[in-house]
Amino acid sequence: MKQRPATQNVSVSPEGDSLLTTRRTFLAGGAAAAFGLALTGTSASAQTSKNIVADRSPDGIRTSVVPISRGNWIELYDGWRLMRDDEVKVGGAQLSGTNAPTSGIAVKRMPATILRAMSDAGLTGDLAVGDALTRVERDLWQHDWWYQASFDVPKGHRRYALVFDGITYRAELWVNGQRIAGTDELVGTYRRFEIDITKVVRPGEKNMMAVRVVPERRTPPLNVGQVVPTEGDPAGLDLGDTWADWINLAFHGEAKTLTSFLPDKSSGIVQKVWLAPSGSVTLRHPYVRSDLPLPRLNQADLTIHVNVSNTASTPVAGVLRARITRDGMGPIEVTAQVSLASGESREMKLSPQTHAALRVNDPELWWPYIWGKPTLHHLSLEFETSEGVSDQAECDFGIRMMTGHRDDTAMRPQYKDPSSFYLKINGRDYLIRGAGYTPELLLTHDYERARATLRYSKDMGINLIRWEGHFVDDGLLEMCDREGMPTMFGLMCCGSWERWGEWDQENHRVAQASVRDSLYRLRSHASIAIWGHASDGLPPPKVLAGYQASLEQASWQNAVIETASTASPDYWSGVHMNGPYSWRSPAFWFDPNNVNAKGSVLEEGNNEIIPILSTMEKFLPEDSRWPFNKVWAMHAGSAPGNNKLEGIHKVIAKRYGGADNLADFVGKAQLAQYESTRALFEAYGALDWRTHKVTIYWMLNTSWPSFFGQLFDHYFGAGGTYFGAKKGLRPVSAVFDSFAVGDRKQGKVTLANHSPELLQDTTVTARVYALDGTLLDSYNATVDSCTPASIHQVLSIPRPASKHPVFFVRLTATARNGHLLAENTYWCSSVDDVPDLVKREGDNALVAMQLRQTQWADFTALATMPQVTLQAKVSEVPANSQNNGMRNFRIVLRNPSKHIAFFVRAELHDGGGMEILPITYSDNYVTVYPGETVEIDAAFERDRYQGTTTLALVPALRPVV
């Protein structure tokens, strides 16, 4: 039997009906929607149409499309097969020959890891469900694998190359029976390989290639804690990605070496493969650097960079032509005469000093979506010789400056520079409230998933997405460029990338080349804000010098963080990762003595997140749903305690009285996750900028159906963590500090304005309610002027009498015209939360991953609240030019009683009774006060579902009917 709380269902036809009622309306979304910049299905699909799949099989896998092009390049994605070494009786010469045998697995989509191809072929079952992943053959990584494909080669070019954007970990390439490159050359997870095949291809005919992939084999143990480099035996290892504690190594990897990995070690052809035809001169890595005369924004100097190479055996002279365009602007066109010696390669720069047209007056800038329009320009390049156009290149770019700075605080006085890092965008201080991204566990390239990920991020108000390793695909990054989402990229923690003392000569060579290739790949993207050289330690001088040389070589202009850790005695980048990585009470985030929640923090959050009930039912077989068991553990993280979900079980037991069944457990988990996540983000908006400049939630999403840190789950179910973040990230907010300061007898209320608008005559009201709905006290204050990026402490609220074991604090912020700017409900206990503020430094990582609390608030009295019957109604909003491509609904919840309907979740279901996903709600887990009405706006893509929609109400603690 499925365990579900009582729900109320209201059917609605697609036409809907009108609503005329007095109501309280929530802002339609987070910062994105508030400023009219929400990611819509129409604009996103139109802008990515050249990459979106045109034809799909019933399981959604690409079968055939018009070839995707990158200039003259042609993506090779069709007709691939995968064979295991012990099943192949011939070598690369035969597999790439004229009459090559074709056996093994037909790869349904490329790129594909070994395990992705096997799964798509139906050989593994649904790896997301139950313990299916543990049933896969464990030693796939101990075999070599052959990828084989035929491809057409167009006539009329002097040079042909194959370009592999990413292979893990080594490869050997054969084309038309000839060995072209070996495993000593094609090595490295983050490498981009271009291999000249001119001498072996047959233009105008079918050609055959075979790629032998050698998976990562030299996998070191997991690093636990932050790393200080030491000298060691340079035996060498493989510089692959690790899943660290993101997946449970007790089931996925080797527990004895603390190493997490999948059965194939995420190996294979993991990024796109291209055929690149050209003349003898090639153009690579186009990029436009923009410099602004800050603080002025009325001029921009544009410098065009491109790598030019002559592959011929004789000198070549020609003309490099550049053209910059955007809608509504006349083109900027410049040229340069270029002479290249035989085999010469160099980076060309066209600047305002040599081409006056590249000094632009009154430029239209790229802004992050929370501030304005992310305008993109387009650069087109071509190199023409006496024989015609030899090669072309292009990229989109933004005119903007993202720069890293250090403040004048002394957050870490033990360092020579004790100050904290912060980011400026176009000269303005940028308060980072971001989250860490992970690709899908099998490294699947999925544009639809990327679109939904960005849509959810903007809906919450997340304003930076961080990649730590796993640079799988540029799809999401390209969308961040278009949609105004700043990003951070950096090398992976916890494994081979930080075991510098064990590197051999190959490792040093591959590491430097990997960083160089990554910087060239990233540098043209408008959304790139920060690059990080290392996560949990400072690279030794030789390695760091090489990384820094790569920055200079790539003309990198964005912010750089040398290390995210505080472990090195020699250097601090102004950021830390002291956590926590486990649940903390709201009081923790507002406690002024809490050094771990101050400064610029690149990772903090909760490694134990319980998804919504419908998600649990999707990936947990019915016989494994309650209580916690081995199947749950297989979908958990690795850290002690996290792997058994000890933290969230303790929270529910201590604060909410424990759980009797799955639905009860899930509902109470959403309460706990909401209050903690909201407080984390509120603290970084309502406390002093000097001590709160960066927070990055760990993590944004999850690589598969999992309990590991996430703001939304693998199926795009949004629970308490999501909506707590969305509340905490609203551009205008009235914030309560949960009695966290001093003797805890007074609670502080702050008005925080992170919108671009000046707020005048804003009234903040605080109302205190008893559990039965009785209004106990009311307080208000008016702020005459609240400028953008400012905070104002407006009220102090005394605790009510001790006879109220649990009470509610309700805050509203209202504009002078009566418009509701913000609303928050906080549940408070007469028993204080007292957080444990054990300082986490250096190698003491596990402290941050364990739930530590000195005293617990008691919310068990919430279960005694009177039952409330809500009047519910839903109607569809007619489509118009603003919501074209989307279905929009208005949900109305009215409370006719004298009691409070607390923490009610609304869901729109399809005809089968399942929530329609992905979907955004303007708010959720709402509290409806006596005699009041709440409106929630919901939206999903029209193509997702076109039938009759049903409304379900899911209370967290007891039936609301």
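This report describes one sheet, one buried glutamine and three helices in a predicted model.

**The sheet**

Six strands form an open sheet with antiparallel pairing, in the order β8-β7-β10-β16-β13-β14. Because β8 (105-106) and β14 (178-187) each have a single partner strand, they stand at the edges, and one side of each is left without a neighbour in the sheet. At the β8 edge, strand β7 (residues 81-84) runs antiparallel to β8 and is joined to β8 by two bridges; here L82 is found opposite I105 of β8.

**Q148 in strand β10**

Strand β10 spans residues 145-152 and includes Q148. Is Q148 buried or exposed? With a relative accessibility of 2%, Q148 counts as buried, because the cut-off for buried is under 20% relative accessible area. The side chain of this residue has polar contacts with two backbone oxygens, which are set out below.

| Side chain | Partner atom | Distance |
|---|---|---|
| Q148 | backbone oxygen of L95 | 2.9 Å |
| Q148 | backbone oxygen of P101 | 2.9 Å |

Leaving aside residues up to four places away in sequence, Q148 touches G79, W80, R81, M83, L95, A100, P101, T102, M208, M209 and A210. This list therefore includes both L95 and P101, whose backbone oxygens are reached by the Q148 side chain.

**Helix α12**

Helix α12 covers residues 646-656, and its buried residues are G647, I648, V651, I652, R655 and Y656. These residues span an arc of only 130° around the axis, so they lie on the same side of α12. Such a pattern can be read from helix geometry: an α-helix has 3.6 residues a turn, so residues three or four places apart point the same way. Among the elements that cover the buried residues of α12 are α9 (586-590), α13 (662-686) and β45 (820-829). Just after α12, G657 adopts a positive phi of about 85°.

**Helices α14 and α5**

Helix α14 (residues 720-728) is mostly covered, with nine of its nine residues buried; the buried residues are G720, T721, Y722, F723, G724, A725, K726, K727 and G728. Two packed helices are described by the angle between their axes and the distance between the axes. For helix α5 (residues 447-460) and α14, the axes come within 8 Å and cross at roughly 50°, which means that α5 is oblique to α14. Where the two helices meet, Y456, D459 and M460 belong to α5, while Y722, A725 and K726 belong to α14. Y722, A725 and K726 are also among the buried residues of α14.

How values were computed
Residues are numbered from 1 along each chain as its sequence is written. This is a predicted model: local features need pLDDT of at least 70, side-chain atom pairs count only at pLDDT 80 or more; totals for chains, interfaces and linings use all residues. Side-chain values use heavy atoms; hydrogens and water are left out. Two strands pair if DSSP finds at least two bridges between them. Helices (H or I, at least four residues) and strands (E, at least two) are DSSP runs, numbered from the N terminus. Buried means under 20% relative accessible area, exposed over 50%, partly exposed in between (1.4 Å probe, protein chains only). A polar contact is a pair of N or O atoms within 3.5 Å; within protein, one must be able to donate a hydrogen and the other to accept it, and residues adjacent in sequence count only if both atoms are side-chain atoms. Contact means heavy atoms within 4.5 Å. The arc is that of the directions from the helix axis to the C-beta atoms. Axes are lines fitted to C-alpha atoms, for helices over the stretch in contact, and angles run from 0 to 180 degrees between N-to-C directions. Angles under 35 degrees count as roughly parallel, over 145 as roughly antiparallel, 65 to 115 as roughly perpendicular and the rest as oblique.
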